[in-house]
Amino acid sequence: MNALPNEITRDDIEHKLRQLQGDIEDVGESAKSYALVVGAVAAVAIVGVAYLLGRRRGKKRSTVVEIRRI
């Protein structure tokens, strides 16, 4: 097939699509690692808040027993 210099061939389109797919995969991998870090930080924050709220509630509800000798 004789292609003119300004003519777009099937090979040109396939090459460009493969190049774009490679770029998209690179961006996807970096986004996954970023999402993993954000998820881990969020999980630690949720556990920390639950711990602090539980401690506070435990202090409010704890029974104080006072023993006096006569």
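# A chat about salt bridges and surface

Visitor: How many salt bridges does the structure hold?
Guide: Keep in mind that this is a predicted model. Side chains of opposite charge can pair when their charged atoms come close. Counting such pairs here, the structure's salt bridges number 3.

Visitor: Which residue forms a salt bridge with glutamate 14?
Guide: Look for a nitrogen-bearing side chain that reaches the carboxyl oxygens, since a salt bridge needs a Lys or Arg nitrogen within 4 Å of an Asp or Glu oxygen. Here the closest N and O atoms are 3.0 Å apart. The partner is arginine 10.

Visitor: Why are glutamate 14 and arginine 10 separated by about one helical turn?
Guide: Both of them sit in helix α1. What sets the separation of about one turn is their spacing along that helix, which is 4 residues.

Visitor: Is arginine 10 buried or exposed?
Guide: Anything over 50% relative accessible area counts as exposed. Arginine 10 has 65%, so its label is exposed. Its partner glutamate 14 has 30%, so that one is partly exposed. For arginine 10, then, the word is exposed.

Visitor: Which lysine meets glutamate 29 in a salt bridge?
Guide: Both partners lie in helix α1, 3 residues apart, which is about one turn of the helix. Their N to O distance is 4.0 Å. The residue you want has 56% relative accessibility, so it counts as exposed. It's lysine 32.

Visitor: How far apart are the closest N and O atoms of glutamate 66 and arginine 68?
Guide: These two form a salt bridge. Glutamate 66 is exposed because its relative accessible area is 58%, and arginine 68 is exposed because its value is 68%. Their closest N and O atoms are apart by 2.8 Å.

Visitor: What is the area of the nonpolar surface patch made by Ile8, Ile13, Leu17, Leu20 and Ile24?
Guide: Take Ile13 as an example: its place is in helix α1, which covers residues 10-61. At 46% relative accessibility, isoleucine 13 is partly exposed, because that value falls between the 20% and 50% cut-offs. Together with Ile8, Leu17, Leu20 and Ile24, it makes a patch of about 530 Å².

Visitor: What percentage of the chain's 70 residues are buried?
Guide: The chain has 1 helix and 0 strands. It exposes about 7300 Å², with carbon and sulfur atoms supplying 62% of that. To be buried, a residue must have under 20% relative accessible area. Across the 70 residues, the buried share is 0%.

Note on methods
Residues numbered from 1 in each chain as written. Predicted model: local features only at pLDDT ≥ 70, side-chain atom pairs only at ≥ 80, totals over all residues. Heavy atoms only, no water. Patch = residues over 30% accessible without salt bridge, like charges linked within 9 Å, V, L, I, M, F, W, Y side chains within 5 Å. Areas by Shrake-Rupley, 256 points an atom, 1.4 Å probe, with all protein chains shown as cover. Helix = DSSP H or I, 4+ residues; strand = E, 2+ residues; numbered from the N terminus. Buried < 20%, exposed > 50% of the residue type's maximum accessible area, 1.4 Å probe, protein only.
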